[in-house]
Amino acid sequence: MVAEPVVKTQFYVEMLKQPRAVLAPMAGYTDAPFRRLALEHGAAWTVSEMLLARGFLAGDRQSTELGAPYPGEPNLVLQLFGDDPQVLHDAAAKAEREFAPVAIDLNMGCPAPKLAGRGGACLLQTPERAYELIRAMRQGTSLEVSAKIRLGWDENRSLEVALGLEAAGVALITVHGRTSQQRYTGFADWEAIAKVAQTVQVPVLGCGDVLNVEQYFARLETGVAGVMIGRGAVGNPWIFRQINAVQSGQSGVGTQGVASSSERAQTALRHTQLNIEWYGEFHGIRQLRKVLYKYFPDQPDLHPALKRVNTRSELETVLHNLNISL
Ligand SMILES: Cc1cc2nc3c(=O)[nH]c(=O)nc-3n(C[C@H](O)[C@H](O)[C@H](O)COP(=O)(O)O)c2cc1C
């Protein structure tokens, strides 16, 4: 008989003594620079882009770089993707050793067809397999293990799956309120998320379509322990600061104001600087073209130029059109 694993840390339990806003994992977005920016703006913790467990174990450069923390990175949850218990066990152990995250998460929500049958949302069709993976990961690490699910593959099975995950020993469950078949269409079903939160004992984070402070607090009413914010934080990391200001009583919902052009420009430049430090100027700027224009939703005239910038000084030239001091 396998001994019940000892969890040495209580990161989730400690953090969720009050509701929290967390940066959701997003492949292609939640790299080290953006995670750092989100923490600087008050995200309680961040989740890495999903790491293919098999590639990470094999030392594959791309898989490894995706999850690599910046020096001293705090509050990083590392997310693993895969479907083989031994591989997940070993990858969890390696991640704890090499990246020093605060917890390890299992991806049960990625609907990408090119990864079909290898983990992600497919595990919602074979949840017994997911429970096995969680048990294996818990044997491999002394950190808390969590899972991020969708409601189901093509129908809502979230209650059954959440109860199974809880029995397998997860410390937290995040529910993105869509099925895998829905991908990103329609709206997240927060009633379904609320039912999961009411049913299991472990904390549940809700996720889906939270774009502003008002929506964050409305979603907390469903009884979730916190909310993960993904797309709503891209080009808008101060959403975390605004939420924290309301939560600590410094401002009311709806009175925290909008970010000024100057703040938007400064934050876009900070993001750019972090990207350049991490990837070098060439890749750092190119990789950020898909994000830079999102910092300026009210200045569509700048978007074409922002999607074409090659250097930091080109970016500064574009931003000077805003007539602000940088
Ligand atoms: C571009 C993109 C990449 C994503 N990558 C991941 C991922 O690697 N792991 C994961 O669990 N979810 C991933 N998601 C799902 C998000 O974490 C989140 O659940 C979803 O976007 C709904 O939340 P939102 O409306 O706040 O964005 C991704 C979403 C997007 C848009």
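Start by colouring the chain by domain: the domain assignment gives domain 1 as residues 11–247 and domain 2 as residues 261–320. Keep in mind as you go that this is a predicted model. If you place a marker at the centre of each domain, taken over C-alpha atoms, the two markers sit 28 Å apart. Now look at where the domains touch: eight residues of domain 1 and nine residues of domain 2 take part in the contact. On the domain 1 side, six of these residues are nonpolar, one is polar and one is charged.

**The whole chain**

Zoom out and switch to a cartoon view. You should find 14 helices and nine strands. The radius of gyration is 20 Å, close to the 20 Å that the globule rule gives for 326 residues, so the chain is as compact as a globular protein of that length. Along its principal axes, the C-alpha trace spans about 70 × 45 × 35 Å. Of the 326 residues, 47% count as buried. Contacts across the sequence are worth a thought too: among those between residues at least 6 apart, 67% join residues at least 24 apart.

**Stop 1: around the ligand**

Next, select the residues around the ligand. Which of the 22 come nearest? They are Ala-24, Met-50, His-176, Gly-230 and Arg-231. Colour the shell by class and you will see 10 nonpolar, eight polar and four charged residues.

**Stop 2: helix α2**

Select residues 32–40, which form helix α2. Seven of its nine residues are buried, so this helix is largely enclosed by the rest of the structure. Show the side chains of Ala-32, Pro-33, Phe-34, Arg-35, Arg-36, Leu-37 and Ala-38, which are the buried ones. Then bring up what covers them: the surroundings include strands β1 (20–23), β2 (46–47) and β4 (76–81), together with helices α10 (239–247) and α11. Before you leave, step along to Gly-42, just after α2, where phi is positive at about 105°.

**Stop 3: Ala-53 in helix α3**

Now move to helix α3 (residues 53–57), where you will find Ala-53. Is this residue buried or exposed? Ala-53 has 30 C-beta neighbours inside 10 Å and counts as buried. Try a C-alpha to C-alpha distance from Ala-53 to Gly-82: the two are 29 residues apart in sequence, and 5.7 Å apart in space. Gly-82 is also one of the contacts of Ala-53, leaving aside neighbours within four places in sequence; the others are Leu-80, Phe-81, Val-87, Leu-88 and Ala-91.

**Stop 4: Leu-133 in helix α6**

Select residues 127–140 for helix α6, and pick out Leu-133 within it. Leu-133 is buried, with 28 other C-beta atoms within 10 Å. Beyond its neighbours within four places in sequence, Leu-133 is in contact with Pro-85, Leu-88 and Leu-106. For another distance, try Leu-133 to Ala-168: these residues are 35 apart in sequence and 8.9 Å apart in space, C-alpha to C-alpha.

**Stop 5: two loops with a positive phi**

Most residues other than glycine have a negative phi. With that in mind, visit the loop between α4 (61–67) and β4, and select Asn-75. Its phi is near 55°, a positive value in a residue other than glycine. Asn-75 is partly exposed, with 19 other C-beta atoms within 10 Å.

Then go to the loop between β8 (204–207) and α9 (213–220), where Asp-209 lies. Asp-209 is not a glycine either, yet has a positive phi of about 70°. Counting its surroundings gives 18 other C-beta atoms within 10 Å, and Asp-209 is partly exposed.

**Last stop: helix α14**

Finish in domain 2, which covers residues 261–320, by selecting helix α14 (residues 312–320). Which of its residues are buried? Show Leu-315, Val-318 and Leu-319. Turn the view to look down the axis of α14: these buried residues fall within an arc of 95°, so they line one face of the helix. On the other side of α14, Ser-313, Thr-317 and His-320 are exposed. To see what the buried residues of α14 pack against, add helices α11 (261–279) and α13 (303–306) to your selection.

Definitions and conventions. Residues are numbered from 1 along each chain as its sequence is written. This is a predicted model: local features need pLDDT of at least 70, side-chain atom pairs count only at pLDDT 80 or more; totals for chains, interfaces and linings use all residues. Domain bounds come from an automatic or database domain assignment. Two residues are in contact if their C-beta atoms, placed from the backbone, lie within 7 Å. Ala, Val, Leu, Ile, Met, Phe, Trp, Tyr, Cys and Pro count as nonpolar, Asp, Glu, Lys and Arg as charged, and the others, Gly among them, as polar. A residue is buried if 20 or more other C-beta atoms lie within 10 Å of its own, exposed if 12 or fewer, and partly exposed in between; C-beta atoms are placed from the backbone. Helices (H or I, at least four residues) and strands (E, at least two) are DSSP runs, numbered from the N terminus. The arc is that of the directions from the helix axis to the C-beta atoms. The radius of gyration is taken over C-alpha atoms; the globule rule is 2.2 Å times the number of residues to the power 0.38. A residue is near a molecule or strand if its C-beta atom, placed from the backbone, lies within 6 Å of it.
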